[in-house]
Amino acid sequence: MRTSWSCRWGWIRVLRSCIPTVPYTAALLGFVIGGPAIADETSAADTVSAPRALKPGLVYDSAAFANLRGGVHGGATYTSNLNLQLNIDAASLFGWPDAIAYLDALWLQGGLPSNFIGDAQGVSNISAPNAVKVYEAWVQKNFLGNRVSLLAGLYDLNSEFYRLQSAGLFLNSSFGIGPEFSQSGVAGPSIFPSTSVGMRIAFKPAEGVVIRAAVLDGVPIDRPNGSHGVFEGGDGALIVSEVAFLDRPQLRTRPTSGRLRLGRQAMLGEYDAKVAVGGWYYSATFDDLSETQPNGHAVRHRGSGGFYALADQLLYRDPDQSARKLTGFVQAGLGDDRVDRFGAYLGTGLTAVGLFEGRASDELGLGLAYARNGSHYVSAQLIQGSPVAKSEKTIELSYLIPLNAWLALQPDLQYVITPNTTPAIPNALAFQLRIEISF
């Protein structure tokens, strides 16, 4: 799962070589290129410019990766993905007030860093099997002065659920959404790189309070067997809900307008604090990982679920330089260890902005991701005679260096302890250089 940074790109020469082969790129570039606005409470500051009816975007994420020590085997690879995006202002185009639409086509390319490390959590949040697909395609309509928002279509739930501002710096997949949820269900929930069709409703009863719920197909459109489908027999539904409390000091200084913006592309600005609790439930039937019936078949369980809690807090702000600050976050989740591998997850970290003189926008972060196997998974491994450790732990040190408005570099170092919870795999040291370009 990718982080909240919405503009992650790659080398210019690689981008130039890729653009001509992507369908519809020439048509998209015919518009005035504008950066995409994928937003909830983690979005960028407000924009005062009038919205364009059609606002295309092109995003290229890339990373050069090397396994420096340990893991499955040494080596290096390059991984990337290209997004062709189109934001549609339905109010300007069709006269439909407070309505927008969004399309995102995704081209996944390159190697898989976790094949070198052998880890279970995922050292790269942009890595996925090579494919060309529609990633998101949805319509959103807001009501009651933007206190209620309805969204329907192909939707990445991690764009709004299980999301933290401070954790967005890190490149390990678990900091985007914990593995107790991201690796649940038949083929994972509706997140990068495979999403599901569904509907989301959000309600904002007061400034700083958001209540969300979503109902989606229990299996992504891209099926594990290589086929494609929507709400097929046995899929069941995935139901997700979350309540979030946020503190945005800049909103308290604005004149009262009665307009409470909400949903994707809300552009509400950064917050100083967030606390959220959420949960999920699959209505389908799943096999137990270790328990069997007298006939030898796996015990079947109707339904599966879990819950999570998130906290993100501004810890310090320089009174003389407001951009210089220190934030900290905690993620914690419990999954269904009867049918899913990871029964518990804990993520925590610190992010410092403007730590060095003259580098006001640089970000330095240190994080820990701890994924613990459930008891049923451990039992299944022992029955098969496979030694297994209780957990996989990853320590990540990352430094984001914006060079100008459209180019940034991010060197990143991760130390993975007991990759894949397999004692035979040595602890691994992985390095990657993420390159970010935005137009």
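**Notebook: a buried lysine, two cores and a surface patch**

I began with Lys-274 and found a polar atom of its side chain 2.6 Å from the backbone oxygen of Arg-163. The model is a predicted one. I placed Lys-274 in strand S9. Is Lys-274 buried or exposed? I noted a relative accessible area of 1% for Lys-274, so I entered this lysine as buried.

Next I looked up the nonpolar cores. The largest has 39 residues, and within it Leu-157 and Phe-181 touch the most other members. Strands S3 (99–110), S5 (148–155), S7 (209–217), S8 (237–247), S9 (273–292) and S10 (298–317) each give two or more residues to this core. Which strand gives the most? I noted S9, with five residues.

I then listed the contacts of Phe-181, leaving out residues up to four places away in sequence. Phe-181 touches Leu-157, Tyr-162, Pro-189, Leu-238, Val-240, Trp-280 and Tyr-282. Another core, of seven residues, lies apart from the 39-residue one. I wrote down some of its members, including Phe-65, Val-123, Val-416 and Ala-430.

Last, I turned to the surface. Nonpolar side chains tend to be buried together in soluble globular proteins. I also found a nonpolar patch of about 560 Å² on the surface, made by Leu-68, Leu-366, Leu-368, Ile-395, Leu-397, Leu-413 and Phe-431. Strands S13 (363–373) and S14 (391–402) are the elements that give two or more residues to the patch. I placed Leu-68 in strand S1, residues 54–69. Leu-68 has a relative accessible area of 51%, and the cut-off for exposed is over 50%, so I entered Leu-68 as exposed.

How values were computed:
Residues are numbered from 1 along each chain as its sequence is written. This is a predicted model: local features need pLDDT of at least 70, side-chain atom pairs count only at pLDDT 80 or more; totals for chains, interfaces and linings use all residues. Side-chain values use heavy atoms; hydrogens and water are left out. Patches are made of residues with over 30% relative accessible area and no salt bridge: like charges are joined within 9 Å, nonpolar side chains (Val, Leu, Ile, Met, Phe, Trp, Tyr) within 5 Å. Accessible areas come from the Shrake-Rupley method with a 1.4 Å probe; for residues, only the protein chains shown count as cover. A salt bridge is a side-chain nitrogen of Lys or Arg within 4 Å of a carboxyl oxygen of Asp or Glu. Helices (H or I, at least four residues) and strands (E, at least two) are DSSP runs, numbered from the N terminus. Buried means under 20% relative accessible area, exposed over 50%, partly exposed in between (1.4 Å probe, protein chains only). A nonpolar core is a set of buried Ala, Val, Leu, Ile, Met, Phe, Trp, Tyr and Cys residues joined through side-chain atoms within 4.5 Å. Contact means heavy atoms within 4.5 Å. A polar contact is a pair of N or O atoms within 3.5 Å; within protein, one must be able to donate a hydrogen and the other to accept it, and residues adjacent in sequence count only if both atoms are side-chain atoms.
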